[in-house]
There are 2 protein chains.
Amino acid sequence: MKNYIENTVNKSNFFKLLHSSKEGNYNLRIGIIQNSLGSKLITPAFIPVATNASIRALDSLKLKDLEINGIFVNTYHMHVHPGEDIIQELGKLHKFMNYDGIIFTDSGGFQAFSLGQAIEHGVGKIVSIFSKEGKKRNNNIEKLAEITDDYIIFKSHLDGKIIKLSPEKSIDIQIKLGSDILMVLDECTSPLASYEYTKKSMERSMRWALRSLEFFKKNNKGNQYLYGIIQGGHHYDLRIKSTEFISSLPFDGIAIGGSLGTSKENIKEILSWVMNYIPENLPRHLLGIGSLNEIFTAIENGIDTFDCVIPTRYARTGTVFTNSYPFIKDITAKYYNQIETKKYNKPIDENCNCYTCRNYTVAYLNHLFFVGEIAAMTLLTIHNLYFYSNLLKNIREAILQNRYLKFKEQFFKKTS
Amino acid sequence: MKNYIENTVNKSNFFKLLHSSKEGNYNLRIGIIQNSLGSKLITPAFIPVATNASIRALDSLKLKDLEINGIFVNTYHMHVHPGEDIIQELGKLHKFMNYDGIIFTDSGGFQAFSLGQAIEHGVGKIVSIFSKEGKKRNNNIEKLAEITDDYIIFKSHLDGKIIKLSPEKSIDIQIKLGSDILMVLDECTSPLASYEYTKKSMERSMRWALRSLEFFKKNNKGNQYLYGIIQGGHHYDLRIKSTEFISSLPFDGIAIGGSLGTSKENIKEILSWVMNYIPENLPRHLLGIGSLNEIFTAIENGIDTFDCVIPTRYARTGTVFTNSYPFIKDITAKYYNQIETKKYNKPIDENCNCYTCRNYTVAYLNHLFFVGEIAAMTLLTIHNLYFYSNLLKNIREAILQNRYLKFKEQFFKKTS
């Protein structure tokens, strides 16, 4: 097995802006994030979610084949199992999961939302993704998180144990996990929260950001990097206040979190408010974003990284990405009849060079899904992650060659 | 994708006996089975089960990495979904699943047992494997198969549709699937069946073998091979009668099926009865066999191939094979406590060279199982299939070098 001895990276080498340019109204940039193991992540980059230190249905070595050099692990889940002390004893996350790419951890704050208000309000990514199929997974689920001014109280989804997550505790866990990029504890507010609640929550998140930072400064060994998180919902004054506060503190990077409103236009608007206040030299992460439209919007506003479960979760329900409108295709549809069969005797995308498209047909993948074979999920996860990885590579190339606008136009022209 | 144009193999090249030797009382042999795509399977070989044209939790290309050159697909399942006509239109099984190794198909006769009498009698592999955990999966399940003198009547496990499987229909399906090795339709009797029932069933299986052969001779194109199946339960006179009958017909190979009794000693006894009556030049397959003890017994009696779900099914429940007593280890056990943690920061088997052992620790695999990550099943399936593949390779090497007895002794010496 690989030797995960850490070489401390010069702090100034953690993030470097390699290129920045303007096309139309867009501020575009190319950067590089490096970790102490020598891995390099070229940005803008999509960061898939490995909730339990595993991309669902995929082993970690496959990520390198897919040129995925950054992943996003959930601190709350790692705390619940196997626990940060065990991970630390086993040599920290990179060694534990055999992955030397850039590991982001969140703070657990998102779970305060997804296991708390999201359930109460019947909203959140899980609900919205599944609602297209009329499945509301969060209905009738007990709320498992409450927020106080000092900490989030969770009831473990695994064993019901009570967990108190303070800013200090969250950073302590993340330090022990050994992720490269840590997030301050915050609350991700619901899009249905009132102005008053969002304001109160944001002020608390600001206090928590400061406490997170203070604990981090005292306890980190120099090869981990802490991001502050901007909150404030879809309210201009709150976003500006939060941005100014977070940007004034010595964070290694800035994340934008919380409710980004209820439509694509909201995301654009919120990014246009906050991006001017964020120092140019800091890496910027947009939390929980990943539809194709959102990715382009993020990049056009100078976002460097963004994480999302979309490509992997879609894969497990049989939905694959393609290069032409509507960009997704349901592989589980009942394709078979004697007239149509041969039409599906070809890959998902004949121009795709992924492992799945090079080796398997839609007909076979459809069959595997129909009979419930696990390999189907793995093969579709590979395809979707390749699609995202390849799209981002093409976008970076276009930015460097100052032809981003053309690339985007061509990409969406396939719409018709 | 690969070009699956079939080159017709000279019939005499389908099976070749390369070596035979005697050590102690054992008749050992090495052979080679070739298909029309040029793939070679060196025997004795373990043939994993790919029920739905997919080894569970593994994509077909991984089989080549594991040097697995033969698999066993279930005809009944392929008929139910997607159907043999569709498979034929898509270019037959090898192309459909992108696997050019030797594909065996059964006849559907085993499902007459597993979906019929096995449910009625509360026996069968599924029951016995799970009974170690006290789980009797077949309890309260409706019987889905009945046998008449002309055909098996199934109620499809997928949609309840009635399926009538006659000997001719079974061969017709298998010809359309394009498997390399086909089996005659038979009934696999329950170990709890009476002498009278077993006799009646065996006589019917003999008539069905003849009808299967006649249909095959008329309809096959020359690049598929048909095995007769010996039945007769654990009754000497029935086994001999069945063996003489099957061996007198022009089959391309001989399979031994049905109930092999209720203990390991029974298998030895039954094989000692029948093997002398089977022509030396024909390949012999032992149906549904695959525990470590059974494998050694089969090989010692001149069996060339045997199929079983054990390594793959064990993998999915978290049980892995190792090279020392008790040869299996439960990876899902609760290992974690602060004293024990480091003990599991190493591979399943430090001497194992499989992908899983080269890259992942027991601690990580245990975690993946605990939190329900799919990658765990894939990684353990790889390990278990590698273990079987490697064991068989070592056995073949030992046979060729006339040191099988020594090899076996050393293998089981690790028992203490």
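Of the residues of chain B, B:Ile374 comes closest to the rotation axis, with its C-alpha at 3.9 Å. This is a predicted model, in which local features need pLDDT of at least 70 and side-chain atom pairs count only at pLDDT 80 or more, while totals for chains, interfaces and linings use all residues. Residues are numbered from 1 along each chain as its sequence is written, and chains are lettered from A and ligands numbered from 1 in the order in which they are written.

Where does that axis come from? A turn of 180 degrees and a shift of 0.0 Å along the axis lay chain B on chain A with an RMSD of 0.0 Å (copies are superposed by least squares on the C-alpha atoms of residues with pLDDT of at least 70 in both). That is the relation of a two-fold axis. The same surface serves both copies, as 97% of the contact residues of chain B recur in chain A; two residues are in contact if their C-beta atoms, placed from the backbone, lie within 7 Å.

Now look at the sheet in chain B. Strands of a sheet pair through backbone hydrogen bonds, either parallel or antiparallel. Here three strands form an open, antiparallel sheet in the order S1-S2-S3. Strands are DSSP runs (E, at least two residues), as are helices (H or I, at least four), numbered from the N terminus; two strands pair if DSSP finds at least two bridges between them. S1 (15–23) and S3 (40–43) of chain B stand at the edges with a single partner strand each, so one side of each is left without a neighbour in the sheet. S2 (residues 26–34) of chain B pairs with S3(B) over four bridges, and B:Gly31 stands opposite B:Thr43 in S3(B).
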